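Trainee: I should like to learn how to read the interior and the interface of a model. May we work through one together?

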Amino acid sequence: METADILKTTQPIVQKKLSIISFSGDFDKLVAAFTLATGAAAVGYEVNIFFTFWGLDAIKKKQGRAFVGTGFLPKLFGFFMGGLRSAPVSRLNFCGLSPKIFRYLMRKKNVATLEELVEAAKALEVNLYACEMAMHILGLQKSDFIHEVKDVLGVATFLDISEGGRTLFI
Amino acid sequence: MSTVKLDITKEHCPMTFVKTKIALSKLQSGDILEVLLVEGEPLQNVPRSSREQGFKVLEVSHVEGQIHKVLIEK
């Protein structure tokens with residue numbers, strides 16, 4: 001066998017990989033996370049997003065305020081936290097007015113809105129994962145999330161999935 | 001073999017190459033995507049990222065003003 005043939009057969013195909021831990025649940029940070037995720041997926045990266053704590057709000061089926069979760073306190077928390085459409089901005093939220101202003105400006109300036117980015121992420125088959133521990137605290141089930149959520153994971157599995165790529169905490 | 005047109009002249013990062021990738025994923029092998037885009041980031045990145053993913057960039061031509069046309073074969 002020629003050296004060139006050996007190289008062809010033994011060289012592993014390295015797929016570039018980006019894994020994002022979506023923690024904050026803030027509108028602006030979700031925009032950053034989904035911009036990176038969709039951009040990376042569009043240029044051929046394998047992309048994983050691991051939603052934990054406040055980040056879980058972004059993948060709830062009910063995008064507004066709803067009593068999601070099991071038990072009195074989780075339901076109450078679920079209501080105040082809301083879903084993707086109720087995400088606050090991390091600075092100058094002005095009681096929820098700022099996300100509305102941002103959505104208006106993004107549409108006006110032809111920049112993808114958060115909802116469009118989420119839809120693009122689904123179309124590009126970005127892998128969405130939910131954190132088992134945070135779900136347990138907040139009384140959430142996999143059925144409370146959009147069906148594109150691939151699996152419910154713990155830290156060990158996430159580390160396994162993200163190994164060999166870049167990882168961001170947003 | 002068919003040609004599909006995509007206008008991303010009004011789009012911004014990352015939707016320029018996101019929309020291109022989604023459009024390409026819907027095509028059959030051998031189909032051509034005709035992309036209209038503007039100078040700068042889209043003109044630099046759309047042909048490059050398409051090539052990197054194994055698509056064939058057949059042509060990059062100037063249309064008018066800042067608008068360019070890129071032909072990509074799946």
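Trainee: What percentage of the 170 residues of chain A count as buried?

Mentor: This is a predicted model, in which local features need pLDDT of at least 70 and side-chain atom pairs count only at pLDDT 80 or more, while totals for chains, interfaces and linings use all residues. Residues are numbered from 1 along each chain as its sequence is written, with chains lettered from A and ligands numbered from 1 in the order in which they are written. A residue is buried if 20 or more other C-beta atoms, placed from the backbone, lie within 10 Å of its own. In chain A, 36% of the residues meet that criterion.

Trainee: Which residues touch the most other members of the largest nonpolar core?

Mentor: In soluble globular proteins, nonpolar side chains tend to be buried together. A nonpolar core is a set of buried Ala, Val, Leu, Ile, Met, Phe, Trp, Tyr and Cys residues joined through C-beta atoms within 7 Å. Here the largest has 52 residues, and F34(A), A37(A), I49(A), F51(A) and A130(A) touch the most other members. Helix α2 (residues 27–42) of chain A gives the most to this core, 10 residues; helices here are DSSP runs of H or I, at least four residues, numbered from the N terminus.

Trainee: Which residues does F34(A) touch beyond four places away in sequence?

Mentor: Contact requires C-beta atoms, placed from the backbone, within 7 Å. F34(A) touches L114(A), L117(A), V118(A) and A121(A).

Trainee: How many residues does each chain bring to the contact between A and B?

Mentor: Chain B brings 13 residues and chain A brings 12. On the side of chain B that touches chain A, α1(B) gives the most, with five residues.

Conventions
Buried ≥ 20, exposed ≤ 12 C-beta atoms within 10 Å, placed from the backbone. Helix = DSSP H or I, 4+ residues; strand = E, 2+ residues; numbered from the N terminus. Contact = placed C-beta atoms within 7 Å.
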